[in-house]
Structures are given as C-alpha cells and as structure tokens.
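Got your viewer open? Here is a short tour of charges and cysteines, one selection at a time.

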Amino acid sequence: MESRRAIMHNLLLDALEDLGQDEFDKFKFKLRTTAAPGDQNIPFGRLEKSKREELVELLVEFYEDKAATLMETIFEDIGLKNNASELRKVVGERVQGYKKKYAKNVMEEYQLTEDRNSLFGESTPLNSRYIELLIIKKHRPQKEREHELLAIGRKHLEILEKTCSDYSTDIKYLFKPDESGVTPRTVVLQGPAGIGKTMTIQKIMLDWAAGELYQDMFDYVFCLRCRELSLTEEANSLIDLIVEQCQDTYAPVKEILACPEKLLFIIDGFDELCFSLEPTEDHICNSPYSKVSMKDILNSLLRKKLLPKSYLLITTRPGAAERLQECLKFPRFMEILGFSEKGRHKYFFNFFKDERKANIALRFIDDTTAVSTICFIPIVCWIICHVIKVELETEDEIKDTLDTTTKVFVQFSHNLLKHDSRKLKKSSLGEFRKLCSMAQAGILEQKIFFEEKDLKDHSLDGSDLKDLFLDRRTFQKGIGRYSLYSFLHLCFQEFFAAMWYILQEEPAGASDNNEGDLKRLLIECEKPGNEHLTLTLRFIFGLSSEKVRVFLEQTLQCKTSDLVKPLLLQRAEEIAAEHPPRKGYCLLNFFHSLFESQEAEFAERVMHSFQTIDLSYRAVSMLDCRVLAFCLQHSSVQDHSIDLTFCRLKSHHIKALAPGIKTCTTLEFGSNKLGNSGVKVLCAILKELACNITILDLSENYLTDACAQELCATLSTSHTLQRLSLLDNSFTETSLPFILHLMETCTSLSLLRLDGYGFGKKGRKRLRQQEEKIKARPFLLLM
C-alpha cells in the first residue's frame, strides 16, 4: 500500500511539474517570504538550490500534510489561479476518495450484527433486525412519568404512543435546528439498559456509510465505545483514535481534521466509563496531536476544548446523566422509550420470518399482562424470541422455559448482569439484597419514586447496580430542580420486591427475618384495598420454584431461603379450606400464584377443595386457560366442573385447556366463539384423553354442519355423557343423521338440547320419532 507521505509527494510533484521555469522560480521566491505553518521556514540555502523533486521532499519534510494547503496559497498569490484550483480539486478528490473508502469499511463493520448468544460464525443483517424506536426530544414532568410507570398492558402502550405523538422525533432529526434556527453541537441520547441505544448507534453508522443519513452534514462519523476506551491505559492522541477507527495507518488524518465542523464523534455508553472526568485545566488538551490519557481526550472532547466545532452524539443510561451534564455545553436531550406496538410486532415477524411462529410468540406476550407491559424494552423481546425459537424447533407450542411471568423477569435480570459482567463480579449478594430491599419497602408504601436519601438508607448510593436497574430522572420544581429514581417499570419493582423475600440473608446462618415479613405480607394481600400486592405475591410463588432457585444460584450466585416454600404451601392450604370457597377473579388470581410456582405439589394439596370452578361471564385469556389447565392437571380428584360460559373462548383457548380437561366431568362452554375449529380441537382432546365427561354445553358457539359428524361420532362412544346442549347454533337437516345416531348409540345420554328450527318440520318429526324409539331408557329432547 502506498504510504501517506508517498501520496503527498506525488500530488505535490505533479502540481510543480505543471509550472514553467519562470513560474517555478516565482514559487520558490514566494515560498521564502510566505509565513509558513508553525513559523518553520525551509532554510534559504536548501531552498535556493533545490530542483522540483528536491523541493517536494523539503515541503513534505517541513510541512507534512499542510504542504498542499501552503502550495495552493502561494499559487493564488503569484496569480496561478488555475493551478491553485486544480490542486484544490485533486486534494478534494483525494479526501473524498478516502471518505468513500472509509464508508466502505464502516459498511463492512456494521452491516451484520451478532446476538448476545450467537454461536461462532452466526450473524444477522442489521437492517433486518433493527426496528425504529420511539424517541422523544423533551423531558417529561413527574406526573406523566408516574402514569407510565403504573400503567400495564395495552394502557402502557397507549401512554407511550401518546407521549411520542406529542414529542417524537427520528434519528435523522437528532441534529435538526431548533425553533430559533440553532443546530446543537452535542446531542445526548438517554435510555435504560436494554432499550436499544447501542443498536441505534450501529444503525446510524450503517446508514451514514450507505449514504442514507447525514450526507450533507458529516464527512466522517467515528464511533468511540466507552467500554473499550476504559480498558486503554497507555497515552494516546485523538489522531491515534481516528487512525484506529479508519483501520489504516496511512489515513489522511490531517485532511480529515481540516474541517472539524464536518465531523461527528459518537461516544457510546458514557455510563460505562471507569473513570471520572475532572474539570481542571490539568486534564484538558486542545491539540488532536497531544499524547494524553484516554480520560483527558474524552474530557476535552466533551467540554469542547478539543475540536470545538465538531459534533458529538453521546449515549448514556439515566444514572450517569448528571455526571455527563457537568461536562457538556448546551446539549440537546433525547430519550429512547423503546418499541411501539407496531414496532414490537414488526420485530417479532422480522425475527422469526415465519408468520405462525411469530403469532405464537405474540400471543404469549399479549396474554401475559406483566410481560406485555415490559415488551417495550427490545432486550425483553429478544429474550422471548430466542427462547421461543428454540422451543418451536422441537414443539408446536411454548413449553416450560418461559411458561411463567417470573421466568421472563429472571431471564431479563440475568441477561443484563451477564452483559455487564463487570458489575456482576463487583456486586455481591448483599448488594443485590439492598436493591431488593428498597424495592420491597417501596411496594409496601406504594412508592415508585425514590430520592437520594432512599438510596443512602439502603446503602445503594455507591452501588453499580443502581445504574443497571434504576432509571434516574431530573424534574423541575419552582426555579430549582431535583432528581428521582425509579425502576424501569412498576413490574420490575414488584419482581425485585419478591426477590427480597426469597434471598437468603448474609452471612449464611444468620437468623432469617424474612419469614416473619413474608407471613405479614401473606396476611396483608388478603385485605381489601391491597390489590397492589398481587403481582409481588405471584412473583414470590414463581421464585420459590425449585428450577428457578437452581437457576438463580447457578447464574446470579444468589442463595435462596428454604423457608419460603413451606410458608406458601401452608397459606395455599388455608385458602383452600375457606368456606365459602373462592370464585371468579379472586379464585383465578389464586390459581395464577399456583401456576407461577410450577410445583405440582401446590395443586395436589389444594385442588380437591375446588371441584366446582365458576369463571363465567369474564374475559379469559390464553394464559388464564394455561393456568387453569396446570391446576386441574395436577389435581388429586377427577371430577371437576368448570363453567366458562361467555368467556370469549376460541379454538386456541380449548387447546390451552387440554391438559386439565382429563380431570373434568362437566364442561360448560356456552356462549363463546369456538366455531367448528374449536369443536374439532375439543373432539381430538376427548378422544386422546379418554375423558369421562357427563355434562357438555356447546350452545351458542357458531357451530355448523361442518363439525356435526366429528362431534357426534366422538360423543357416541362415551359411556358417561348425560347432558348435551347444542342450542343456538346453525345445524340443519344435513346434520340430522349424525345427531340421530348419537341419540341411539350414546346410551348414557339423558338430556339433549337442540334448536329445532334449522332442521325443518320433517327434521323435527324425525327427532321426535327417535326420542320415542329410545324411550326404554330415561331420555329427554328439548327443542
């Protein structure tokens, strides 16, 4: 490869060879009297005797990359304007040519991305993985942030999207002039861990290199990663960093720096810096050539002492925002909120590239309120997609890796700590307990914002974990301002509060105070007005699972208490013994807690007390059906009666209920939307499990002749079915032979309810004749 010095040598020699002898002599004379860069003139003796090639050697030796600019100035002064213009054009083409080369290198570096768990050689095109995020350009008031933290499910999505409709922006507008026409030199892009800051930076680099972003604004964009910079101990200059970015020892650095106003430096992950940035003059440098510590280079760039006309884009977590603010001059604030609902759907479809699998994954999160709420965070979507992808390679449905809300939150916490392994190593179990202690105190007090004093009270003011799991916001009050901390969402606070009850106290062997606190919580949960404790209690059940405990101990080095599960079992048995027994949502909430534990022992101990389960006239989700199936599946009795009348059931709900149907003798599914497909699913379940159904209600379910043959054939073999209701469906004379056969062969059937209008007068007559024919046994046909 031709060296930078050789390139400059050839460029200058070509320019001098275009001169006549008189013009060359004028050039040398003018060179003697022109103020040279750095006041370093070539000695007269060497200049006077030099020929063209020798003069080029002198120019490069004394002025290096500034030689071309000096030559251009002299050409202008001695009237060689065409030569000056030509030299300017050649130099410009060289710089532009190098810009294209650099952009090509950036394209190659950023066009592919690796997932956190990628195997050797695995990668994904960045453009197929990146989804546009919600970005806002203003600070929000405390009340608005409070509403966002408390909202769950769809309401949370609506608040996010309403916020963005008021303040939203796009990455192409990060440096857009404000209302007064001022373009910011520094932009801060803030967001919590896992929200997509680094992926956004990768997209900016790729789009700039592809010519799709900031083309008129920036000639060069350089990305400095703070995690890597923190590991650099030797002295460096900004020139060294640029050469490293270019991956080219002979990069035309001085020409790149000649127009600092056309440079963008991206500083990714300011919060990951291991050192503080002092404002003292001792730690400031103003020359890109000065060899200083990495801390001093960053300090000088941020404070606009080094290349003050250049532009900065800085990403950080909220916890480091105040420390960053001390270094910056008039920054523009931006905040990444995460995925919109549309963005979330697009992410799932892009990830799976299979509509069926994407819909299974989306149905999983849509049916799990707490998980749905936190899926505005891209890393949560990534975790769910990766785990589900592995499961769907061997199964048709999601099994047990992410079958509970607790497991999603455990995986999220593990991935954050794993990604920030430095924080994982530095933070002991005691540190983690402090974070959980503050979460628990906040839940009991219904407090979602924490002051600096709260952090000090829980010894978190110096902890690395606060920057990882807490969101720090600054709000205005009168003419002053104040800062508050919160968890990323109330759901996370509830999860960490539950962790506090599970974690074993340090040192090992110390008396466990958690037992008394857990007993009090279990009592408080039952009191009216304490519904805010419901999710925390579910998480406690989930964290008591043996599989989850083993995972916590192996991955997070968290020792868990052996006292929690016996207390929960005792409380579950007390609830089961209540008279009258629980029903409706109160009962369903209890079942959700049993399900979170994924311990069959819980259901075995209590389900005998709930032989009749009435959830009618309530919208039931897929998760509710899986919860009910789990509890029924592990019941010690085999004659449960479930009433799911008017619960908006469809075929996939019946499929989710399948494991529990075997223990049921009464299935009341009236006034739903099962349709023919739902009945076919039910028939397959009844045949496979050899169920002993005595009562089956399928009235008002949009059933037609298309399902009649299979339904009647399945039920005809039953020796237990006593009552069947098919009212208010759309059966016609076509279904008549199958119904008649059912009446004749199902000898246990004693009551059949039908809507006779669809069968016509002749059909109704045949049904009555069949009723007469089998009158030897007790049977009643109601039409």
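Before the first click, one cut-off: a residue is called buried when its relative accessible area is under 20%, exposed when over 50%, and partly exposed in between. Keep in mind too that this is a predicted model.

**Stop 1: a long-range salt bridge**

Select Lys-99 and Asp-219. Their side chains form a salt bridge, with 3.6 Å from N to O. Lys-99 sits in helix α6, while Asp-219 is in the loop between α10 (197-209) and β6 (220-225), so to speak a link between distant parts of the chain, 120 residues apart. Is Lys-99 buried or exposed? Its relative accessibility is 12%, and because that is under 20%, Lys-99 counts as buried. Asp-219, at 16%, is buried as well.

**Stop 2: the negative patch**

Stay with helix α6, which spans residues 81-110, and pick Glu-86 on it. Glu-86 is partly exposed, with a relative accessible area of 43%. Now add Asp-14, Glu-17, Asp-18, Glu-53, Glu-54 and Glu-57 to the selection: together with Glu-86 they make up a patch of negative charge on the surface. Which helix gives the patch its largest share? That is α4, with three residues. Color α1 (4-17) and α4 (52-63) if you want to see the helices that each supply at least two residues of the patch.

**Stop 3: a pair within one helix**

Jump to helix α22 (residues 429-445) and show Glu-431 and Lys-434, which are three residues apart and therefore separated by about one helical turn. Their side chains meet in a salt bridge at 3.4 Å, N to O. The two partners fall into separate burial classes: Glu-431 is buried at 17% relative accessibility, whereas Lys-434 is partly exposed at 30%.

**Stop 4: a pair between two helices**

Next, select Arg-605 and Glu-573. This salt bridge has an N to O distance of 2.8 Å. Arg-605 belongs to helix α31 (residues 600-606) and Glu-573 to helix α29 (residues 564-576), so the contact ties together parts that lie 32 residues apart in sequence. What about burial? Arg-605 is partly exposed at 34% relative accessibility, and Glu-573 is partly exposed too, at 32%.

While you are here, add Glu-526, Arg-571, Glu-574, Glu-578 and Arg-582, which are joined into one network by salt bridges that share partners. How many salt bridges does the structure have by this rule? The count comes to 26.

**Stop 5: two cysteines**

Last selection: Cys-375 and Cys-381. Measure from sulfur to sulfur in your viewer; the computed distance is 4.2 Å. Why is there no bond between Cys-375 and Cys-381? The cut-off for a disulfide is a pair of cysteine sulfurs within 2.5 Å, and at 4.2 Å the sulfur of Cys-381, the closest one to that of Cys-375, is too far away. From the other side, Cys-381 is in no disulfide, and its nearest cysteine sulfur is that of Cys-375. Both side chains are out of sight on a surface view: Cys-375 is buried, with a relative accessible area of 1%, and Cys-381 is buried at 0%. You can skip hunting for disulfides elsewhere, since a search of the whole structure finds zero.

Methods
Residues numbered from 1 in each chain as written. Predicted model: local features only at pLDDT ≥ 70, side-chain atom pairs only at ≥ 80, totals over all residues. Heavy atoms only, no water. Patch = residues over 30% accessible without salt bridge, like charges linked within 9 Å, V, L, I, M, F, W, Y side chains within 5 Å. Areas by Shrake-Rupley, 256 points an atom, 1.4 Å probe, with all protein chains shown as cover. Salt bridge = Lys/Arg side-chain N within 4 Å of Asp/Glu carboxyl O. Lys, Arg positive; Asp, Glu negative; His and termini not counted. Charge placed at Lys NZ, Arg CZ, Asp CG, Glu CD. Helix = DSSP H or I, 4+ residues; strand = E, 2+ residues; numbered from the N terminus. Buried < 20%, exposed > 50% of the residue type's maximum accessible area, 1.4 Å probe, protein only.
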